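Here is a walk through one protein model, with an eye on side-chain contacts and what sits on the surface. Have the structure open as you read.

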Amino acid sequence: MAPEAAASEAVTNEPQARHIVYCGVCTLPPEYCEFGGTVKKCQEWLEKNHPDMHEKLYSEEAVAATLSTLSVDAQKRAAKDSQKKEAKAAAAEAKAAEAKAQAQVLIKRVERNKRKYVTAVSGLEAHGMDLKKVAKEWGKKFATGSSVTKTASGGEEVVVQGDNSDEIFDWVVDVAGVPEDNVDCIEDKKKKAT
């Protein structure tokens with residue numbers, strides 16, 4: 001019986017795998033979210049998905065216990081730093097929202113040959129869209145070839161074969177949620193020489 005007892009002890013003494021929770025916003029463990037730039041969003045995510053851990057880390061008792069170990073000067077510095085971080089995060093969010101509100105989506109219908117057209121769409125990345133996924137979706141939706149190409153100015157655009165500018169306009173406004181004021185349709189037509 002002694003070998004069986006020794007075998008069971010060896011099993012319990014082996015290191016066990018730990019389950020570590022990572023934040024869904026900043027991808028750090030929740031204990032380190034304060035060092036990221038999105039503390040408020042991280043706290044909201046943690047409260048929604050892991051309320052027990054949120055209570056352990058951000059309850060008034062936990063915060064008071066942490067602050068009580070600091071000196072008075074360190075407490076003042078910590079409060080000042082947290083205010084600065086919150087102000088910086090709020091300013092960054094406001095700036096990103098303003099840039100998104102002002103970003104233009106250009107839909108160009110370009111003539112290739114006599115009656116052959118391609119539709120080039122640029123400015124989608126400013127609205128948080130993945131261009132490759134959009135190109136693939138449009139290729140399926142319009143049953144045409146669709147790809148992401150680099151422009152001469154260094155940006156990227158989605159090029160769809162055929163004249164699909166009206167359908168793309170509707171998709172960008174309805175599905176992507178881009179305001180109509182921010183979407184411009186441009187038609188590049190070659191004039192006939194008379």
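## The aromatic pair

Rings of Phe, Tyr and Trp, with the six-membered ring taken for Trp, are called a pair if their centres lie within 6.5 Å; planes under 30 degrees apart count as stacked, over 60 as edge-to-face and the rest as tilted. Keep in mind that what you're looking at is a predicted model. How many aromatic pairs does a search of the whole structure find? Just one aromatic pair turns up. The partners are Trp138 and Trp171, and because their planes sit at 85 degrees, with ring centres 5.3 Å apart, the pair is edge-to-face. Trp138 belongs to helix H6 (residues 131-142) and Trp171 to helix H7, so the contact ties together parts that are 33 residues apart in sequence.

Are these two rings buried or exposed? Trp138 is buried, with a relative accessible area of 0%. Trp171 counts as buried too, at 8% relative accessibility.

## Salt bridges

Side chains of opposite charge can pair when their charged atoms come close. With a cut-off of 4 Å between a side-chain nitrogen of Lys or Arg and a carboxyl oxygen of Asp or Glu, the count here is three salt bridges. Let's take them one by one.

Start with Lys41 and Glu93, whose closest N and O atoms are 3.9 Å apart. Lys41 is in helix H2 (residues 39-49) and Glu93 is in helix H5 (residues 72-102), so this bridge ties together parts that are 52 residues apart in sequence. Both ends are partly exposed: Lys41 has a relative accessible area of 42%, and Glu93 has one of 44%.

Next come Asp163 and Arg109, which meet in a salt bridge with an N to O distance of 2.8 Å. Asp163 sits in the loop between strand S4 (156-161) and H7, while Arg109 is part of strand S1 (residues 105-113), so here the parts tied together are 54 residues apart in sequence. Asp163 is partly exposed, with a relative accessible area of 36%, whereas Arg109 counts as buried at 10%.

That leaves Lys150 and Glu156, with their closest N and O atoms 3.6 Å apart. Lys150 counts as exposed at 66% relative accessibility, and Glu156 as partly exposed at 34%.

## Patches on the surface

Which residues gather in a patch of negative charge on the surface? They are Asp166, Glu167, Asp170, Asp174, Glu180 and Asp181. One of them, Asp174, is found in helix H7 (residues 165-174). Asp174 is exposed, with a relative accessible area of 61%. Helix H7 is also where Trp171 of the aromatic pair lies.

There's a nonpolar patch on the surface as well, made of Leu28, Tyr32 and Phe35. Together these three side chains have about 330 Å² of accessible area. Tyr32 is found in the loop between H1 and H2, and Tyr32 is partly exposed, with a relative accessible area of 47%.

## Backbone spots to check

Two residues catch the eye when you look at phi. Thr27 isn't a glycine, yet its phi is positive, at about 65 degrees. Where is Thr27 placed? Thr27 sits in the loop between helix H1 (2-13) and H2, the loop that also holds Tyr32. Thr27 is exposed, with a relative accessible area of 57%.

The other is Ala143, again a residue other than glycine with a positive phi, near 55 degrees. Ala143 lies in the loop between H6 and strand S3 (146-150), and its relative accessible area of 69% makes it exposed.

## Asp188 and strand S5

One more stop: Asp188 is found in strand S5 (residues 183-188). Asp188 counts as partly exposed, at 36% relative accessibility. How far is Asp188 from Leu131? Their C-alpha atoms are separated by 23 Å, and the two residues are 57 apart along the chain.

Definitions and conventions
Residues are numbered from 1 along each chain as its sequence is written. This is a predicted model: local features need pLDDT of at least 70, side-chain atom pairs count only at pLDDT 80 or more; totals for chains, interfaces and linings use all residues. Side-chain values use heavy atoms; hydrogens and water are left out. Patches are made of residues with over 30% relative accessible area and no salt bridge: like charges are joined within 9 Å, nonpolar side chains (Val, Leu, Ile, Met, Phe, Trp, Tyr) within 5 Å. Accessible areas come from the Shrake-Rupley method with a 1.4 Å probe; for residues, only the protein chains shown count as cover. Lys and Arg count as positive and Asp and Glu as negative; His and the chain ends are not counted. The place of a charge is taken as NZ of Lys, CZ of Arg, CG of Asp or CD of Glu. Helices (H or I, at least four residues) and strands (E, at least two) are DSSP runs, numbered from the N terminus. Buried means under 20% relative accessible area, exposed over 50%, partly exposed in between (1.4 Å probe, protein chains only).
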